[in-house]
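Colleague: Could you take me through one part of this protein slowly, as you would for someone new to structures? Pick one residue to begin with and work outwards from there.

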Amino acid sequence: MTTVLETLPEAPPEPKSKKNNSSHLKVIPETREMRDRIREAARVFVQGLDRSKPLVRDDSRRYAEQLLRSMGLGEQYLGFALVAVANEFWREQVAAIPFNRRLLLLPHCLKNAEGCPADYDEFGLDCKKCGACSVADFKVKAEELGYKVLVSEGTPIVLKIIVSGHVDAIVGVACLNVLEKAFDKILLAGIPCIATPLLSSNCKSTSVDDDWVFESISLKTEPIEQKTKTYMHLMRASNGMFDEPELARLAPRSRQVVGVAHNADPLAQHEAIAYDFLARGGKRSRPLITLAAYDALTGGKGTRKSEDLDLSDSVKRTALAIEAFHKASLVHDDIEDDDAFRYGQETLHRQHGIGTAINVGDYLIGLGYRLVSRERKVLGAECAADILDRLADSHMKLSEGQGAELLWREASEKALSPLDALKIYALKTAPAFEAALYSGVRLVGPADDRDKMIGDFSRNLGVAFQILNDLKDWSGDEDNKLLAGQDVLAARPTLLLALALEALSPAEKEELLSLIQTSREHGSADDMVAVNTVERVRSLYRKAKVFTKADKLVEKYRARAEAIADAVDPLEFRELLYYLVDTVLERQAAIEEEPKTFMVELGV
Ligand code: SF4
């Protein structure tokens, strides 16, 4: 039988552990003299670089390798050199941003572990400035200058602060492990950022070159013309559509009640629940895709200056519609999976009951269609009809994919091939990217010549994204999931399961299916049973090497999406597609096969 993996190039040897494999590249140069030399060399090296585009991981790694080679230094300093190059890339642009528009981000492991009197709150460590470590010194200096200061390592909260529009640059202190994880999220978005690496990564009473941190905090020059393209202005525009009163202006309410008023008229209450959920949390990456595609095909002005952003209300309403569909699908998904939390709050059906939640989802679908159809006079009937057609098509595909998954979960006789799983993925995830991208393109003009490219690109991106999600499920989900292996407990037809069924012996295959079936029938009410089930499935998955195989498939689909992007014009649109690949397929954690390290990775 032909397997999906047979279409891949011959596999390299099994990686032992990416975490361990890369730790030998994250050595901090032992002497201050060597650290200074690398910084200085990076400063000279960066002079010749094109700074119009944000740094991407592959380029910066290549630059760091070149830098080390030119200095006759070994690869053990790669992580440090990478940070040095990124710092010099951004130094001038950070320096040009006013102090009160910057964020100082400090790690809590700098604190004096023995006697630190500080407590933690939702924003991280609330330093009491007792003077026992340098956190207080950095904080006092930065606050005097007007910085916002956070003693935390959570990249999501940092991104939230940036997208909310309160800061335009980051000055950070962190270990090389944390900087590696933050790289994609922060640098790819084109946010000016410089960081001082901690001198160790042991997470306790760490230290840093204090004078470098003070120097970074104090950097200051006159404002300069923005050099590097950034999607930040578009991210803020996407986010801003969901803030009141902008949301009510773009999508006027019928009942005029803001907030969920429990004693209000039920009509107003229902509308308020729907609007509240529409505006809630999330990355709003789908409306961003629509806005960014529109911007890219109209000259890409939005990636240069916020003042040059040119997004009409019709464009914004179309992007808003994309999010309304997405939110509707989340409400319905949460009911189907009986998930308890979404965006850190109880899911809608747990709060208001299943009937109301189904209805709110339906309402949001209607709102999405209406947002576009009411723009037909501005957009032109043909353009509005094309977008509505694509939205309807995506809606149906998504329902097909979800329907197939639900029927599979209920089936008493379960079988699943990797191709079956991939077919479901192509239907479940890709249409949302396709609808968002297509809408942005169609808003500019007829999209027939880009139609196939959009579908192919979205399918590869969506499938890779869904496989990455499967892999993430084994390291927990930062937003909503507490326990690894939730897909197993919910008996979802994942690619990991399909790959395991393909590789295991008949007896193991039968055992795996029986574990899945039992999870389905008994749920995860009994925690010990759930933990044991997950552990047994994990060991079967490891035996079948599904994590490595899935990882290779992510790379295969990523490469296909990139190859499609390579042939796209104009440059601004091509760059957007690369940006989507890099951000949508951002790695959350190294994937492990070797048991001991895998447990560490999962925090077990
Ligand atoms: S200065 Fe702040 S972080 Fe450092 S030990 Fe004192 S309270 Fe803790």
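Modeller: Let's begin with S216. Leaving out residues up to four places away in sequence, S216 touches R102, Y147, V171, I194 and T196. S216 sits in helix α8. Is S216 buried or exposed? With a relative accessible area of 8%, S216 is buried, because anything under 20% counts as buried. Do keep in mind that this is a predicted model.

Now follow one of those partners, T196. T196 is among the residues closest to the centre of the largest cavity, along with R39, N87, A195 and W212. In total, 13 residues line that cavity. Its volume is about 120 Å³, and a search of the whole structure turns up three cavities of 30 Å³ or more. Which elements build the lining? α4 (78–95), β6 (193–197) and α8 (210–218) each supply at least two residues. The top contributor is α4, which gives six residues. So helix α8, where S216 is found, is also part of the wall of this cavity.

Next, step into the loop between β6 and α8, where you'll find both S200 and T206. These two are in contact with each other. T206 counts as buried, at 7% relative accessibility, while S200 is partly exposed, with a relative accessible area of 25%. Setting aside neighbours within four places in sequence, T206 is in contact with C109, L110, L198 and S200. On the same basis, S200 is in contact with C175, T206 and S207. Here's a nice example of what folding does to a chain: S200 and V27 are 173 residues apart along the chain, yet their C-alpha atoms are separated by 8.5 Å. Across the protein, residues 24 or more positions apart make up 76% of the contacts with a separation of 6 or more.

L198, one of the contacts of T206, takes us to a core. The largest nonpolar core has 122 residues, and those with the most contacts inside it are F457, I467, Y541 and F573. L198 belongs elsewhere, in a second, separate core of 59 residues that also includes L73, F99 and A136. As general background, nonpolar side chains in soluble globular proteins tend to be buried together. F99 has something else going on as well: K220 lies over the face of its ring, at 5.6 Å from the ring centre. A similar arrangement turns up with R286, which lies over the face of F433 at 5.8 Å from the ring centre.

For context, let's visit that 122-residue core too. Take F573, one of the residues with the most contacts inside it. Leaving aside neighbours within four places in sequence, F573 is in contact with A293, A296, L297, L437, V441, R450, M453 and V568. Y541 is another of those well-connected residues, and Y541 is buried at 1% relative accessible area. Y541 and F547 form an edge-to-face aromatic pair, 6.1 Å centre to centre with 70° between the planes. F547 is buried too, at 1% relative accessibility. Add W474 and you have one aromatic cluster made of W474, Y541 and F547.

A few backbone oddities are worth a look while you have the model open. The peptide bond from E244 to P245 is cis, with omega near 5°, and P245 is in the loop between α9 (232–240) and α10 (246–250). D569 and P570 are joined by a cis peptide bond as well, with omega about -5°; P570 lies in the loop between α25 (546–566) and α26 (571–584). Then there's A491, which isn't a glycine but has a positive phi of about 55°. A491 is in the loop between α21 (486–489) and α22, and A491 is buried, with a relative accessible area of 0%. Helix α22 (residues 495–503) is mostly covered, since seven of its nine residues are under the 20% cut-off for buried.

To zoom out, the protein has 604 residues, of which 53% count as buried. Its secondary structure comes to 27 helices and eight strands. Back where we started, S216 is one of the buried ones.

Technical notes: Residues numbered from 1 in each chain as written. Predicted model: local features only at pLDDT ≥ 70, side-chain atom pairs only at ≥ 80, totals over all residues. Heavy atoms only, no water. Core = buried A, V, L, I, M, F, W, Y, C linked by side-chain atoms within 4.5 Å. Buried < 20%, exposed > 50% of the residue type's maximum accessible area, 1.4 Å probe, protein only. Contact = heavy atoms within 4.5 Å. Phe/Tyr/Trp six-rings, centres within 6.5 Å; stacked < 30°, edge-to-face > 60°. Lys NZ or Arg CZ within 6 Å of the ring centre and 35° of its normal. 1 Å grid on protein atoms, 1.4 Å probe; cavity = no way out; pocket = protein on both sides within 12 Å on 5 of 7 lines; lining within 4 Å. Points joined across faces, edges and corners; volume = space filled by probe spheres on them. Helix = DSSP H or I, 4+ residues; strand = E, 2+ residues; numbered from the N terminus.
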